[in-house]
There are 2 protein chains.
Amino acid sequence: MEDKLLLLRQHFEEIVSLTDDEWNFIQSHFEFKSLKKHQFLIQVGQPVDFEYWIIKGLVKAYSIDEKGKEHILQFAMEDYWVSDHCAFQHQEPGTIFVDCLEDSEFFCLSLENREKICFEVPAVANFFRIKSNHGYINLQQRILSLLTMTAESRYEYLLNKLPKLIQRVPKKLIASYLGVSRETLSRFNS
Amino acid sequence: MEDKLLLLRQHFEEIVSLTDDEWNFIQSHFEFKSLKKHQFLIQVGQPVDFEYWIIKGLVKAYSIDEKGKEHILQFAMEDYWVSDHCAFQHQEPGTIFVDCLEDSEFFCLSLENREKICFEVPAVANFFRIKSNHGYINLQQRILSLLTMTAESRYEYLLNKLPKLIQRVPKKLIASYLGVSRETLSRFNS
DNA sequence: AGCTAAAAGTGACCTAAATCACTTTTCAAG
DNA sequence: CTTGAAAAGTGATTTAGGTCACTTTTAGCT
């Protein structure tokens, strides 16, 4: 477990510096969790008690529409944060599903603990501020890609941006992430 | 100007509490700017020196594709923040345009000043952290709406969510925001 | 190795929305 | 009040991508 916590510390210290005391205080606010492939981290209608930092593994966050079709909001792997941020923030029942595409391990942070360490250790507030800002920028780019690009060029773009991801994820899920049918995606590329 | 700064202080204090000393320090890091309708706040290729908090007015943030078509990333009005966050964060030339749909006034915050007040006054770090998190959640919902909803239901959704905005903005810009052609939008609703 | 199920590919057909061309309406500026 | 430009509406046509149905390939699992 020490080695895993060290990874998390390194993740924080890529953005902000921490003293050992600060780190000891911070790490005591995380819980460990481990799930097998196909198990759920978050489910629609269930409480969303945590934000999760992924130690290892791969998950998909998605919603299911009236027709039962799955729409992928996010893939998240090692070193990523994932949650149903909306439900988590407002402490409401989950609005999306998050499940494991591979066996995965997480450090879990509750809302109460997050606010506690943010107001106790300013560096943590700055860490999440900067992280959140990066996330915002990424989502803006995804929106622009949905507005401006054809399905095919969104696929090419993703192939360039996250080649590793594509190898770990079935193409039908990539299709769903891109907002395109599996059949159409299969006719691209070549 | 005092009254305008008071509005900004209220905007901060909706999220975090500030002492008068803290506020005086914070406010000294903002600049005032005023633009007429049709003037640019940010242009592609130009430096993006600031993030802007809108005192009054309305702007659109958009990119232009190879065919000269405009794609609207965001509308922003009173009490909103706007910038080319990506270019601003990395201090690179602008990647989008932002221009005024109405005469507008702004408080401008440079990257250097933002980081200064964030690391000097922890409440500010928490303010931006929480704001940024809200922004992230909004963008996630917009992505989900682009993935799961038809153009028509996105329009209805927007009509409900921001009825005020629709009255201030030509429908062809709403169409561009929704990722639909102006002609198609015109055939909805009725 | 053999078997099942999921994933991927492919053809035929369909449809939502884009595009193009033109008309009508609205609005701001002299 | 008039006028020119921008915005909005509308019909005809095209097209990107969806859907359906089926086959082939790949990957887990006893």
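Helices here are DSSP runs of H or I with at least four residues, numbered from the N terminus, and their axes are lines fitted to C-alpha atoms over the stretch in contact, with angles running from 0 to 180 degrees between N-to-C directions. You are looking at a predicted model, in which local features need pLDDT of at least 70, side-chain atom pairs count only at pLDDT 80 or more, and totals for chains, interfaces and linings use all residues. Residues are numbered from 1 along each chain as its sequence is written.

**Stop one: the helix pair.** Select residues 122-148 in chains A and B: this is helix 5 of each chain, and the two pack at about 25° with axes 8 Å apart. Helix 5 of chain A and helix 5 of chain B are therefore roughly parallel (angles under 35 degrees count as such). Their contact has 16 nonpolar, 10 polar and four charged residues (Asp, Glu, Lys and Arg count as charged; Ala, Val, Leu, Ile, Met, Phe, Trp, Tyr, Cys and Pro as nonpolar; the others, Gly among them, as polar).

**Stop two: DNA strand C.** Now show the 16 residues that surround strand C; A:Lys171 and A:Lys172 are among the closest (a residue is near if one of its heavy atoms lies within 4 Å). Three of these residues are nonpolar, five polar and eight charged.

**Stop three: the side chains.** Zoom in on A:Arg182, where a polar side-chain atom lies 2.7 Å from a base oxygen of strand C. At A:Arg187, a side-chain N or O atom is 2.7 Å from a base nitrogen of DNA strand C. Finish on B:Thr184, with a side-chain N or O atom 2.7 Å from a phosphate oxygen of DNA strand C.

Definitions and conventions
Chains are lettered from A and ligands numbered from 1 in the order in which they are written. Side-chain values use heavy atoms; hydrogens and water are left out. Angles under 35 degrees count as roughly parallel, over 145 as roughly antiparallel, 65 to 115 as roughly perpendicular and the rest as oblique. A polar contact is a pair of N or O atoms within 3.5 Å; within protein, one must be able to donate a hydrogen and the other to accept it, and residues adjacent in sequence count only if both atoms are side-chain atoms.
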